[in-house]
Amino acid sequence: MSHSPGEEGGLSPAAPNVNTQDLFDNPTQTVATENTPEDQVSPAVHGASPSSTSSFEMLGVESVPASYQEVQPHWFFCRRADDDTSWLPFSREDSDKLENACYPVGDQEDEVVVAVDGERYDVHVKERKRYAVYWEQGPTEVRRCTWFYKGDKDTRFMPYPEDISKSLEEAYMIAVTLDEWKTKLELPNGETIILHNPKLIMQYQCIGLQEEGVPSPSWQTQPRTVKRGVNNISVEIPAGEPEKVDHLVFMVHGIGPACDLRFRSIIQCVNDFRSASMSLLASHYKHAQQDGQVGRVEFLPVNWHSALHGDATGVDENIQRITLPSISRLRHFTNDTLLDLFFYNSPTYCQTIVDTVASEINMLHTLFKQRHSEFNGAVSVVGHSLGSLILFDMLTNQRTGSEARGGVSSCEPLILNCDTLQQTLTRLGLQQYLDTLQAENLDLESLALCQDGDLKDLGIPLGPRLKILNYAKKKCLSETGAVHLLEGLQVPPQVNSDHDGNQSSGFMQRSQFHRAQSVTSAVDYEYFDVGIGQVSIDYPQLAFHPQTFFAFGSPIGMFLTVRGLKHIDPNYTFPTCKSFYNIYHPYDPVAYRIEPMIVTEVDLEPMLIPHHKGRKRMHLELKDSLTRMSMDLKNNVLGSLRTAWQSFSRLPVAALPPVDEGDTSIERDLQEAQASAAVTSSAKREEKSADFWTKILEWPRALHNHYFQGVCDEAESSVSAEQTDQPEIKVGMLNGGRRIDYVLQEKPIESFNEYLFAIQSHLCYWESEDTALLLLKEIYDKLGIPIEQSQQ
């Protein structure tokens, strides 16, 4: 019965059944004792593969190395996905760091930690484990690899455990030094490795047992190939990442735990997006990277789904109790994904979502600054689907430094002068938490400064936290009268009334968002200090001012319209973020535009995102070429028709007989006289029929204007727009006066059926090189580093 390797892709980590000391003391005797006789081994090996006895005997005549050279190790880490287990190599820089840190481990008891993969992971060298730094992920195994094996059905070489690799290396060293080959090593699982010669080393699996329990000489027909050193196997070692980080980007996912059609998590999708950006930097910023001007852009995932559906809220358990048992898979998918939209519209769970996103971003930002103390670049945020709406609501409710000091602080002393902390908690029925707050030296003034995350760290449950925060907010509102809407939105001194001409208060006059008058709800959206976000939500503050906000496949426009917003004032900007890009696929069913809410009088086409190879996609170029060709053909036909009518309407001049060379002057005078007479005589006839011929001559032009002028003008405008590279059109200050809506180019196969690729279009952004290049161009343009490949 054959034995398979361990579940991690290698053999059992137990040491092989071979006496290494005997190999050093008397290698010849060991070989003679352990080797199978040649007449027994040769037929089986010969039947196993072409590299049989004759093959390795032929290779054995080659000259062996003069001296033994130690193998160069390379470090790998294990990655498990479903039932698949694979070993991936570290970059050469990370492998060298691990190798250098490996030597002193045996002499000290303290663990040695090495940061790898752009310092997103830490490797505990002594423990041989790799831990994620910025997100929750189980530890993965790490190996110092020198020997590898591969079966006929395997797609890649797998590393042996370190103890087996060490034994193999010792046996190989003895064989090379003493020129004694055909050495056999018995492994604990019954398999055997035979070193036939330096270039032929095979692993055989025993399939039969004799009565005494000794392996029989019959071998499996397909042995495994064994290779020494990473240079002898086909493996792609990744390039190392630059240590310099130019920009930091946080990426927030949408509904559900999966982000693409392969049901991968936000962590895996962001890793792919980061890899795409690294390759684009190498191709489009090659010289700047070589000169040291460009380092890399770090992308970090922000996961809020696990916090919402975790044990802290208990929402999954409550939903499960009321879920019908039929079509269980579909209902489970709905509970895990689509319900996130309803959760965000719920005040209770919306507060949980925004608090989780903000605290996660702030925590990642702090951790990143600790690990990259030299970082002085800017920070941007990316939101996909619902994640973009979360970021949009948060960014509209951010406060600048002066507003935080002037607006919030003015409310806090009012709470301080009302009651004591004990009286306040007693009124709220939360007196059991008095000792907890007093242990932290908290009074009403400091309690007003606390956010939900601070109270959560003290062990206060969600319900009491909401009561305390809501009381502080209501008390502040009651003392100050009313809070101005969008008070921190840098509003110019102008009056903006609604479409009915009503101006209910001063803060409505300064509002840059025009809301439709509600007929079905009595909720006064203007009363709450929540920007254009949801009512009764206390939006947390970010620890930094984002440079740019990128929205992927975003429903922001739809949600703003549903909330009653008709128009966004062109002068509006985010309080702390000055750039905003709305990026979408043309077939994305979730995406909506933003520019029509700002510029209502002009129908603007979205900006076409250039292809990352510097051209349009082939089918779009062909479509434009055919359009121009048809326009040229129509123009030529109409021009020829017009010329024919003009020729038909022009009267012919009388033909003159040929003249001799000597009479040229006389004949010329006669010809001119006859021509002038003919023109004079025809002038009278033309006056009589002027109206008739005018109508006839104007018919081609009228036909052209009636049927083809709109199409021709559209084609000419598109051509002129391409020639001028789509000049900038000012669409408000939300993106600093630049365009906001950017559309991707669909693939040729997607253009055949829009509905078939609708869902895929909503999830395509994580693997879109065009999207990644747009982000890089925006980031490095602000750093004064232009893109090297021209975009046409």
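**Salt bridges and a surface patch**

A total of 24 salt bridges is counted in this structure, a salt bridge being a side-chain nitrogen of Lys or Arg within 4 Å of a carboxyl oxygen of Asp or Glu. The structure is a predicted model, in which local features need pLDDT of at least 70 and side-chain atom pairs count only at pLDDT 80 or more, while totals for chains, interfaces and linings use all residues. Residues are numbered from 1 along each chain as its sequence is written, and side-chain values use heavy atoms, with hydrogens and water left out.

A good place to begin is the network of salt bridges that links R120, E241, R274, R296 and E298. Within this group, E241 pairs with R296, and their closest N and O atoms lie 3.4 Å apart. This contact links distant parts of the chain: E241 sits in the loop between β12 (224–228) and β13 (245–252), whereas R296 belongs to strand β14 (residues 296–302), 55 residues apart. Strands here are DSSP runs of E with at least two residues, and helices are runs of H or I with at least four, both numbered from the N terminus. R296 also forms a salt bridge with E298, with 2.8 Å between the closest N and O atoms.

How do the partners in these two bridges differ in exposure? The classes follow relative accessible area: buried means under 20%, exposed over 50%, and partly exposed in between (1.4 Å probe, protein chains only). E241 counts as partly exposed because its relative accessibility is 28%. R296, at 2%, counts as buried, and E298 is buried as well, with a relative accessible area of 0%.

Another salt bridge joins R321 to E317, where the closest N and O atoms are 3.9 Å apart. The two residues are separated by about one helical turn because they lie 4 residues apart in helix α10 (residues 315–321). R321 is exposed at 60% relative accessibility, and E317 is likewise exposed at 56%.

Turning to nonpolar side chains, I327, L330, F333 and L338 form a surface patch with about 390 Å² of accessible area together. Patches are made of residues with over 30% relative accessible area and no salt bridge; nonpolar side chains (Val, Leu, Ile, Met, Phe, Trp, Tyr) are joined within 5 Å, like charges within 9 Å. Accessible areas come from the Shrake-Rupley method with a 1.4 Å probe, and for residues only the protein chains shown count as cover. Of the patch members, L330 is found in helix α11 (residues 328–345), and L330 counts as exposed because its relative accessibility is 51%.
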